[in-house]
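Trainee: Please take me through this model one question at a time. I would like each term explained where it comes up.

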Amino acid sequence: MTESAVPAVSLRHATVRRESFTFGPVSLDIPQGFVTAVVGANGSGKSTLFRLLLGLAPLAEGEAEVLGQPVAPGADERYKARVGFLAELPHAYEGGMTAEEKARFASQWYPGWSWERYAKLMRAFQADAGIKLRRMSKGMRRKSELAVAMAHDPELLILDEPSSGLDPFAWKTLLEELNRYMERGDRTLLIATHVTEEVKRIADYILFMHQGKALGFYEKDRLYDGWRVLVVQRRTDAEPQAAPAAELRRVPGLQGMAEAGPGLFRLETNAPEEAEEACRAWGWNILAMQRMELEEVLGCLIRKEEETR
Amino acid sequence: MRIPIRIDEHRPEPLYHQIESQLRGLILGGQLAEGVLLPSIRELAASLKCSAITVRRVYQDLESEGLIRTRQGQGTYVARVEAEAREGHRVERVAEAFERAVETGLQLGCTPAEMEQIFRGILRKISDRRKEETT
């Protein structure tokens, strides 16, 4: 983990326009040496982001840099040899190839290719290189494609839903291999995932996407530490409140509120200490205080985004 | 190696604080002896399900306290801990436990005299039991 001044990915007002979907404008820096999980619903723009980084979706506006190289029509494309990519869906035209044949093809593309690393990954995943990709189970095909994406030890590894189709054992192996890949400290992993547990286990940063927009970029542990749910109830000795909800709406950092039962309120806040203090001072008991789940945080961010529209 | 650190998600303290105070305790308490190789930042982060940024922050803090040392290319080791620091830590831990007990006492409306009486009673009871066990 070198403290590098140059981010692995840098976007400035990057915008991609397609017929029915606009990605951006998005501005963000993805730090080198860390794992960034990209989280969002289907159609939120995760795959478009990846295609943009690979030069497969042209920018309508703004700028993009990958590994210090600009991504633009006519620009130097050699950076791509330093990137590894696993697409969300397998390519149909590759179905007739064996894993071995696909690997041989890739080995000519990537100067950093190592057959030894490839063989090690295939062994770790217990994948058979001699079978045609089309004939493989979904999980087996995923594993052999992961081995191909990682065999040149790319500086930037981009994985789009890598665990889809993997059984729990293969999933565990995948996380181990990704940790091993990150071990030397200068590699960057960008991973789109629906699996909360995966984010918890591997991510350093989280990028939330929604309808083509970046809703936020957070350090994972600060997010877990900083967003909490409070369940509060009016103290019996406190003065009754005619409009308790109106009072609670002024709680510091309030992101969401719901009446959880008669006189019981559930508050979502990203300033938990201040919120707790305010509630106590206003005559409320704190019945419970918990860290929020990732989906709940995403829900808050989406709600906020939609209120501003 | 597996380091016995447990994160409690229901505690209000930030994750890095929980990890740091437990790791400090293991070193000062002597469970992790001088020269023991600690896991890499990634390894510890993976086993605790926290981010590498958090572990790096913990290692940096403990290194500046002189409790661990990082040798380039070799990893992070437990440093030599002075007997004085260890002794201070021992007393501190006991004092913390008493503090919690006194807080509970005050919350339940105990007077200082009552608490002293309870303390002496427990001390007597436990020492008697220990004496019996050793004879």
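Trainee: In which loop is Leu67(A) found?

Mentor: This is a predicted model, in which local features need pLDDT of at least 70 and side-chain atom pairs count only at pLDDT 80 or more, while totals for chains, interfaces and linings use all residues. Residues are numbered from 1 along each chain as its sequence is written, chains are lettered from A and ligands numbered from 1 in the order in which they are written, and side-chain values use heavy atoms, with hydrogens and water left out. Elements are DSSP runs numbered from the N terminus, helices being H or I with at least four residues and strands E with at least two. Leu67(A) is found in the loop between E4 and E5 of chain A.

Trainee: What is the phi of Leu67(A)?

Mentor: Most residues other than glycine have a negative phi. Leu67(A) is not a glycine, yet its phi is positive, at about 50 degrees.

Trainee: Which residues does the cis peptide bond join?

Mentor: Most peptide bonds are trans. This one has an omega of about 0 degrees. The proline concerned sits in strand E2 of chain A, and the bond joins Gly24(A) and Pro25(A).

Trainee: In what order do the strands of the four-stranded sheet lie?

Mentor: Two strands pair if DSSP finds at least two bridges between them. In this open sheet the pairing is antiparallel. Strand E2 (21-30) and strand E5 (69-70) of chain A are the edges, each pairing on one side only. The order in chain A is E2-E1-E4-E5.

Trainee: How many bridges pair E1(A) with E2(A)?

Mentor: E1(A) and E2(A) form a hairpin with two residues between them. Ser10(A) has Asp29(A) as its bridge partner in E2(A). The antiparallel bridges between these strands number seven.

Trainee: Which residue in E4(A) is the bridge partner of Leu11(A)?

Mentor: Strand E1 (residues 9-18) and strand E4 (residues 61-66) of chain A are antiparallel and share five bridges. The partner of Leu11(A) in E4(A) is Ala64(A).

Trainee: What angle does the direction of helix H1 make with that of E1(A)?

Mentor: Contact means heavy atoms within 4.5 Å. Axes are lines fitted to C-alpha atoms, for helices over the stretch in contact, and angles run from 0 to 180 degrees between N-to-C directions. Helix H1 (residues 46-53) of chain A packs on the sheet and touches E1, E2 and E4 of chain A. Its angle with E1(A) is about 110 degrees.

Trainee: Which strands stand at the edges of the six-stranded sheet?

Mentor: This open sheet has mixed pairing and the order E6-E7-E8-E3-E9-E10 in chain A. Each edge strand has a single partner, so one side of each is left without a neighbour in the sheet. The edges are E6 and strand E10 (213-219) of chain A.

Trainee: Which residue in E9(A) is the bridge partner of Ala37(A)?

Mentor: Strand E3 (residues 35-39) and strand E9 (residues 205-210) of chain A run parallel, joined by four bridges. Within E9(A), Ala37(A) is partnered by Ile206(A).

Trainee: At what angle does helix H5 run to E8(A)?

Mentor: Helix H5 (residues 168-182) of chain A lies across E3, E7 and E8 of chain A. Its angle to E8(A) is about 150 degrees.

Trainee: How much space lies in the largest pocket?

Mentor: On a 1 Å grid over the protein atoms alone, a pocket is an open set of points with protein on both sides within 12 Å along at least five of seven lines, and lining residues have an atom within 4 Å of a point. Grid points are joined across faces, edges and corners, and a volume is the space filled by probe spheres (1.4 Å) set on the points. Of the 32 lining residues, Phe85(A), His91(A), Tyr93(A), Glu94(A) and Tyr110(A) lie nearest the centre. The space is about 940 Å³.

Trainee: What area is buried between chain B and chain A?

Mentor: Buried area is the accessible area (1.4 Å probe) that two parts lose on being put together, summed over both. Here 22 residues of chain B are in contact with 23 residues of chain A. Carbon and sulfur atoms give 43% of the buried area, which is about 1900 Å².

Trainee: Which residue in the turn between E2(B) and E3(B) has a positive phi?

Mentor: Strand E2 (residues 68-71) of chain B runs antiparallel to E3(B), with four bridges. The two form a hairpin with three residues between them. The phi in question is about 75 degrees, and the residue is Gly73(B).
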